[in-house]
Amino acid sequence: MLGGARVRVAQLSEKEGAFILGRTTVVVRSANESPVPEQGLIPGLVGGSEPMRRLVDQIERLAPLRAPVLVIGESGVGKDVVARALHTLSGRTGNYYPLNVGTIPENLADSELFGHRRGAFTGAVASRMGAFELAHRGTLFLDEIGELPLSLQVKLLRVLEEGSVRPVGGGEKQSVDVRIVSATWAPLQERVGQGRFRFDLLQRLTTVVIDVPPLRHRKSDLAALGTMWLKRFENELGRRLLSERALARLEEHEWPGNVRELGNVLYRAGVLTRSVVLDRLDIELALAQTLTGAVGGGSSDVEEALRRAGGNVSEAARLSGLPRTTFRHRLASLRGRVSQEAS
């Protein structure tokens, strides 16, 4: 019996799949695959689908190396999780230091990356170490590397070549031992052709590339990912479980926002119901709120995100869980409507 109906024959729509029977989640894979645990392969990475197994293998092989790694993938796939896993398994004794270069004001970027000395500029009342010094003997994660201004790309390339930094207002250079992991959703090759990204820096950063699979390519991980998110929300929302119909509805969705979108949907579903077990209707209602914002333009969401980010479009896009191009398109549409109304 499944959802109150007797099922005599069922066929999975994909090579891999998952369904729930009572309180048991059944994950189906090809018979020639060896079983692996759904969680705990690498801290932070959840799922045992074939794309995830390949990703885990890649991380394990690359983690001990010193070569720079570029992590690519759609917004919300977990590029930051991959970067942290690379550091965790690297054996490096220094810190893991994440820095979203797309949110740094250009006039402060030198100080953020390379540090500054007291009195170097107005407001520099004390010396401050930059990201490279803070990540010495560790890993520096440069998120949204495609947003780095050209003027800073030259300086970053010089640091990668020389292995040393000069703080703003400082005299002598300081040697740094840093493993660079960068990430982007943007097509850097296209940006090179547009003159927005340096070809020589791209060559430096792409010694090794990790392509994180989108959620729609590993839907058999939805059950494990759903359990992970609901467990995270338990202290706030109380215990929540997925029914077989709820899981089926999750598998029907294409997840353009990937794992981040899944977390948002499950959180909304948990808020909208008092029941412990989430059903298909709960997922439908939570997805409908997402789709309404997308189709309707989401003007209030765009304005709110921009307000929270202090007018920084890159940060507002991150807060919204949207690619920058999508956010900018919605912002342009909103401003266009406001201009028309004003005229």
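Here are some notes on the cores and salt bridges of this predicted model.

1. Ground rules. Residues are numbered from 1 along each chain as its sequence is written, and side-chain values use heavy atoms, with hydrogens and water left out. Since this is a predicted model, local features need pLDDT of at least 70 and side-chain atom pairs count only at pLDDT 80 or more, while totals for chains, interfaces and linings use all residues.

2. The largest nonpolar core (buried Ala, Val, Leu, Ile, Met, Phe, Trp, Tyr and Cys residues joined through side-chain atoms within 4.5 Å) has 28 residues. Here buried means under 20% relative accessible area, exposed over 50%, and partly exposed in between, with a 1.4 Å probe and protein chains only. Among the residues with the most contacts inside this core are F132, L140 and I180. At least two residues each come from α3 (106-114), α4 (131-134), β7 (138-143), α5 (150-162), β10 (178-184) and α7 (199-205). The top contributor is α5, with five residues. Helices (H or I, at least four residues) and strands (E, at least two) are DSSP runs, numbered from the N terminus.

3. F132 is worth clicking on. Setting aside neighbours within four places in sequence, F132 is in contact (heavy atoms within 4.5 Å) with L113, F114, L140, L156, V159, V165, V176, V178 and I180. Apart from this core lies another, of 25 residues, with M228, L242, W255 and V265 among them.

4. Helix α8 (residues 222-232) is largely enclosed by the rest of the structure, because eight of its 11 residues are buried. Those buried residues include L222, G226, M228 and W229.

5. On to charges: the whole structure has 16 salt bridges, each a side-chain nitrogen of Lys or Arg within 4 Å of a carboxyl oxygen of Asp or Glu. R218 and D221 pair up at 3.0 Å, N to O. R218 is buried at 5% relative accessible area, and D221 is buried too, at 0%.

6. K219 bridges to E254, with the closest N and O atoms 2.9 Å apart. That pair links distant parts of the chain, 35 residues apart: K219 sits in the loop between β11 (208-211) and α8, E254 in the loop between α10 (244-252) and α11 (258-272). K219 is buried at 14%, whereas E254 is partly exposed at 45%.

7. R245 and D279 meet in a salt bridge of 2.8 Å, N to O. R245 is in helix α10 and D279 in the loop between β13 (277-278) and α12 (280-296), 34 residues apart. Shared partners also join R249, E252, R280 and E284 into one salt-bridge network.
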